[in-house]
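Student: I would like to go through the labels attached to this model one by one, and to hear for each of them which value meets which cut-off.

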Amino acid sequence: MDADSDVEAIATLLADDCARTILEATAAQPLSADALSDRCGVSTPTIYRRLEDLRAHDLVTEQTRADADGHHYKVYTASLDRVVVDLSADGLTIRLSRRDRMADRFTQFVEDLR
């Protein structure tokens with residue numbers, strides 16, 4: 001994907017009310033698609049489409065959890081921390097800042113010790 005289409009795709013995604021609500025809700029706590037469906041007031045298939053788009057741009061992460069009955073389900077967490085849009089004579093650029101995952105921070109810590 002070239003830079004212009006990437007900027008357009010991310011801008012379009014962030015302009016979507018449902019996608020923004022997903023990001024806001026999952027920034028506070030990991031949530032399932034069903035919980036996101038209730039929060040956004042849209043169907044679960046719509047949530048899955050938005051999650052697919054958000055995951056394609058590494059804006060949310062997915063984890064599998066087990067419930068008390070032993071069934072597995074997925075929860076989603078926002079990995080997006082900040083969006084900065086710059087305008088110049090060359091056009092728009094979008095810079096994304098992502099949250100560090102605990103595993104990534106631990107790996108970096110161990111590598112720094114070497």
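Student: Why is Glu62 called partly exposed?

Tutor: Its relative accessibility is 28%, and buried is defined as under 20% relative accessible area, exposed as over 50%, and partly exposed as in between (1.4 Å probe, protein chains only); Glu62 therefore counts as partly exposed. This is a predicted model, in which local features need pLDDT of at least 70 and side-chain atom pairs count only at pLDDT 80 or more, while totals for chains, interfaces and linings use all residues. Residues are numbered from 1 along each chain as its sequence is written, and side-chain values use heavy atoms, with hydrogens and water left out.

Student: What makes the pair Glu62 and Arg55 a salt bridge?

Tutor: A salt bridge requires a side-chain nitrogen of Lys or Arg within 4 Å of a carboxyl oxygen of Asp or Glu. The closest N and O atoms of Glu62 and Arg55 are 3.2 Å apart, so the pair satisfies that definition. Arg55, at 42% relative accessibility, is partly exposed.

Student: How do you know that Lys74 forms a salt bridge with Glu62?

Tutor: The closest N and O atoms of Lys74 and Glu62 are 3.3 Å apart, and the pair is a salt bridge. Lys74 lies in strand β3 (residues 72-78) and Glu62 in strand β2 (residues 60-66), so the pair ties together parts that are 12 residues apart in sequence; helices (H or I, at least four residues) and strands (E, at least two) are DSSP runs, numbered from the N terminus. Lys74 is itself partly exposed, its relative accessible area being 40%, and Arg55, Glu62 and Lys74 are linked in a network of salt bridges.

Student: Why is Asp17 called exposed, and what is Arg20 called?

Tutor: Asp17 has a relative accessible area of 52% and therefore counts as exposed, whereas Arg20, with 32%, is partly exposed. The side chains of Arg20 and Asp17 meet in a salt bridge at 2.4 Å, N to O, and both residues lie in helix α2 (residues 17-28), 3 residues apart, about one turn of the helix.

Student: Which residues touch the most other members of the largest nonpolar core?

Tutor: Among its 22 residues, Ile22, Leu23, Leu36, Ile47, Leu51, Leu54 and Leu59 do so, a nonpolar core being a set of buried Ala, Val, Leu, Ile, Met, Phe, Trp, Tyr and Cys residues joined through side-chain atoms within 4.5 Å. The largest share of this core, 5 residues, comes from α2.
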